[in-house]
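Me: I would like to learn how the labels in a structure description are earned. Could you take me through a few of them?

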Amino acid sequence: MLKKITLIFYFFYFLFFNGLSLAAERNDKNLLTFGAGLWDWNDNQTAGLFNVEYRHGTRYGPFKPMIGGLVNTDHGFHIYAGIRMDLYLTNKIVVTPSFAPGLYERGDGKDLGHVIEFRSGLDLAYRRKNGARIGAEFHHLSNASLDENNPGTETFLFTYSIPLN
């Protein structure tokens, strides 16, 4: 799984630096993002999901840092810190791959096999004039085979991002 994530990031990295990327050369506003959706939607342990994330607007190379946490309705939670890469398809439409390692507590929910989980994702958002974003996100969480038990899980969220500056 980690190999797939690495390949995805290399793809976007080379796309960005070869001049073929549609990514804007700019810093954005810092964002506070709230999300709600489904945890583990692809099997029989589906639960509700709530997410809060701080997204730094300054670019470091092609990447922007983020930190966040999510809680599901089975009392499980995941806290994480990682990187995002905003790719502007237009001035209004943003596609963002992301990667973040974090710590997971299952609560009454799915056993993901390890306390360390890696979250990879893809977001699609509409960027309003004031910098706010309305979007949808898909993520995969996996322990990258740190444990023999590595079922992974998928999340799907609708998000709203509030500009902070």
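Reply: Happy to! This is a predicted model, and it holds four aromatic pairs.

Me: What makes W39 and Y104 a stacked pair?

Reply: Their ring centres are 5.8 Å apart and the planes differ by 15°. Centres within 6.5 Å make a pair, and planes under 30 degrees apart count as stacked, so both parts of the label fit. W39 sits in strand β1 and Y104 in strand β6, so this pair ties together parts that are 65 residues apart in sequence. Both W39 and Y104 are buried.

Me: Why is the pair of F156 and F158 called edge-to-face?

Reply: Here the centres are 5.1 Å apart and the planes stand at 85°. Edge-to-face needs an angle over 60, so the name applies.

Me: How do you know whether F156 and F158 are buried or exposed?

Reply: F158 has a relative accessible area of 55%, and the cut-off for exposed is over 50%, so F158 is exposed. F156 has 30%, which lies between 20% and 50%, so F156 is partly exposed.

Me: Why does R127 count as buried?

Reply: Its relative accessibility is 17%, and buried means under 20%, so R127 qualifies. R127 is found in strand β7.

Me: What makes the link between the side chains of R127 and D28 a polar contact?

Reply: The distance is 3.3 Å, and the limit is within 3.5 Å.

Me: How do you know that β7 and β8 pair?

Reply: Pairing takes at least two bridges, and these antiparallel strands have 10. One of them joins R119 to L141.

Methods:
Residues are numbered from 1 along each chain as its sequence is written. This is a predicted model: local features need pLDDT of at least 70, side-chain atom pairs count only at pLDDT 80 or more; totals for chains, interfaces and linings use all residues. Side-chain values use heavy atoms; hydrogens and water are left out. Helices (H or I, at least four residues) and strands (E, at least two) are DSSP runs, numbered from the N terminus. Buried means under 20% relative accessible area, exposed over 50%, partly exposed in between (1.4 Å probe, protein chains only). A polar contact is a pair of N or O atoms within 3.5 Å; within protein, one must be able to donate a hydrogen and the other to accept it, and residues adjacent in sequence count only if both atoms are side-chain atoms. Rings of Phe, Tyr and Trp (its six-membered ring) pair if their centres lie within 6.5 Å; planes under 30 degrees apart count as stacked, over 60 as edge-to-face and the rest as tilted.
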